[in-house]
Amino acid sequence: MPQNEITRPIPLIGDTGQPQVFGWSRQANFLYEHSMVNIPMYKISQSDRYIVHSPTHMIVYEIRDDGWHGHMGISIISLRDKKRHTQFFKTMFPFGVFNLPNSSTSGSIYWRKNKTHLDFICMEDGARIIKADIPKWGRNRSMRCALVLSQPVTSAGHTGVSESSLPGEPQSLVTSQPWMNDNRAFRYSRCSPWFIAEGVVQFGSTEIVFTRGNAWAILDWNRSTRPKADIRYWVAACGQSYGRQLGFCVGYSWADSSNGTENGFFLDGKLHKLDQVTFHIPMSDWLSPWRFTSNDNRLEMIFYPHQERIDRRRLFFNSITRRQVFGFFSGKVQLDDGSVIDFHNLTGFAERNKMRF
């Protein structure tokens with residue numbers, strides 16, 4: 001179906017406090033201002049999430065504000081022995097106290113609680129720094145980390161950070177989607193599945209080392225005003241195959257994707273936009289292989305899960321359930337120029353978020 005590509009910066013929120021433009025972009029061309037949204041604070045959701053992985057581990061860092069409740073959470077998933085460790089630090093009625101930035105290209109976050117902290121630092125060159133210090137993690141262990149996430153160098157030899165689309169600049173998949181039955185609800189999101197990760201995570205007596213060329217990271221950034229209910233499926237992965245840097249994100253929800261889907265494949269930092277992608281999920285056993293196909297026959301992919309985890313949060317009549325499965329993706333995709341790329345064993349995950357407010 002035709003999709004609305006936004007190629008220049010444009011304000012997302014109009015003078016009435018409602019979203020005024022929907023579609024997709026290769027850069028953060030939707031200019032968002034939290035203070036202009038004309039809706040109660042408890043209906044606003046904001047989150048910054050980084051998924052970092054190596055051949056041995058995947059670590060998920062998230063700071064999330066859902067109005068009524070929020071959290072800072074870190075999950076460490078072993079990709080070899082299938083062990084998982086998760087810690088959440090919950091905040092009741094945050095209502096913007098985390099000071100999440102309006103832009104996905106600038107602004108840093110410093111989460112503090114007693115002696116525990118998590119920092120998401122955005123550098124001028126587009127790199128990101130993740131620093132954490134949690135003295136009490138689980139059974140009297142500690143968790144500390146210092147990670148640097150750098151942008152890929154594209155074929156033009158540049159890494160860019162401007163809001164406009166420039167040759168050689170790594171691209172993202174940025175979408176703005178409304179809900180058909182709620183004209184005040186929308187989701188503004190950015191996915192960048194191409195960061196190169198370096199650093200060290202100390203977890204108890206375990207030291208996890210992320211080295212350049214062998215570790216990768218995904219940025220999942222969201223700002224939205226919630227509908228009364230939503231179910232969202234989302235899948236992302238990144239890594240290297242045959243010497244090329246690959247990544248993708250595909251997803252769908254109850255939001256209206258007619259102006260722009262959340263589906264795209266990335267090769268060396270360049271986005272190849274996909275239309276509709278169908279998830280063929282074995283509902284009776286989520287650890288069986290999944291299959292993905294696109295309506296334009298450009299994508300054929302198999303997901304091989306090996307473990308899963310479930311998070312549940314409830315407060316009064318509000319509930320959020322997130323089910324995640326971790327594993328490896330193999331398949332083939334047709335790029336914008338008609339050429340076909342095969343990929344094998346890209347590390348990633350799939351999730352379903354079920355929300356009711």
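**Strands, buried polar residues and unpaired cysteines in a predicted model**

The side chains of Ser-25 and Asn-29 are joined by a polar contact of 2.8 Å; a polar contact here is a pair of N or O atoms within 3.5 Å, where within protein one must be able to donate a hydrogen and the other to accept it, and residues adjacent in sequence count only if both atoms are side-chain atoms. The model is predicted, with local features requiring a pLDDT of at least 70 and side-chain atom pairs counted only at pLDDT 80 or more, while totals for chains, interfaces and linings use all residues. Residues are numbered from 1 along each chain as its sequence is written, and side-chain values use heavy atoms, with hydrogens and water left out.

Confidence is described first. The protein chain has a mean pLDDT (the predictor's confidence in each residue, from 0 to 100) of 91, and 96% of its residues reach 70 or more. Strand 2 (residues 23–25) has the highest confidence, at a mean of 98, and strand 7 (residues 84–92) the lowest, at 90; strands (E, at least two residues) and helices (H or I, at least four) are DSSP runs numbered from the N terminus. Over residues 156–166 the pLDDT is below 50, and this stretch has 35 contacts in the model beyond near neighbours in sequence, a contact being heavy atoms within 4.5 Å.

Ser-25 belongs to strand 2. With a relative accessible area of 0%, Ser-25 is buried; buried means under 20% relative accessible area, exposed over 50%, and partly exposed in between (1.4 Å probe, protein chains only). Residues up to four places away in sequence set aside, Ser-25 touches Ile-6, Phe-30, Ser-172, Leu-173 and Val-174.

Asp-48, in strand 4 (residues 44–53), offers another buried polar side chain, with a relative accessible area of 5%. The side chain of Asp-48 makes a polar contact of 2.8 Å with that of Arg-223. Outside its neighbours within four places in sequence, Asp-48 is in contact with several residues, among them Tyr-61, Glu-62, Leu-100, Phe-120, Asp-220 and Trp-221.

Phe-120 leads to strand 9 (residues 116–122), where 7 of the 7 residues are buried, so strand 9 is largely enclosed by the rest of the structure. Burial extends to both faces of this strand, with Thr-116, Leu-118, Phe-120 and Cys-122 on one side and His-117, Asp-119 and Ile-121 on the other. Strand 9 runs antiparallel to strand 8 (residues 109–113), to which it is joined by 5 bridges; two strands pair if DSSP finds at least two bridges between them. Strand 9 is also antiparallel to strand 10 (residues 128–137), here with 6 bridges. Asp-119 can be followed across both pairings: Tyr-110 stands opposite Asp-119 on one side, and Lys-131 in strand 10 stands opposite Asp-119 on the other. The hairpin of strand 8 and strand 9 has 2 residues between the strands, and Asn-114 in its turn has a positive phi of about 55 degrees. The hairpin of strand 9 and strand 10 has 5 residues between the strands, with Gly-126 at a positive phi near 95 degrees.

Most residues other than glycine have a negative phi. In the loop between strand 7 and strand 8, Phe-93 has a positive phi near 50 degrees and is partly exposed, at 37% relative accessible area. Asn-99, found in the loop between strand 7 and strand 8, has a positive phi near 55 degrees and is exposed, at 58% relative accessibility.

Further along the chain, an open sheet of 9 antiparallel strands follows the order 19-18-17-16-24-23-22-21-20. Strand 19 (270–273) and strand 20 (277–280) form the edges; each has a single partner strand, so one side of each is left without a neighbour in the sheet. From one strand to the next, the twist averages 25 degrees, where axes are lines fitted to C-alpha atoms (for helices over the stretch in contact) and angles run from 0 to 180 degrees between N-to-C directions. Within this order, strand 17 (residues 244–252) and strand 18 (residues 264–267) are antiparallel partners over 4 bridges, and Gly-247 has Phe-266 in strand 18 as its bridge partner.

The cysteines complete the description. With a disulfide taken as a pair of cysteine sulfur atoms within 2.5 Å, the count comes to 0 disulfides. Cys-191 is in no disulfide, and its nearest cysteine sulfur, that of Cys-249, is 3.5 Å away. The sulfur of Cys-238 is too far for a bond, because the closest cysteine sulfur, in Cys-191, is 8.8 Å away. Cys-191 is buried, with a relative accessible area of 3%, and Cys-238 is buried at 1%.
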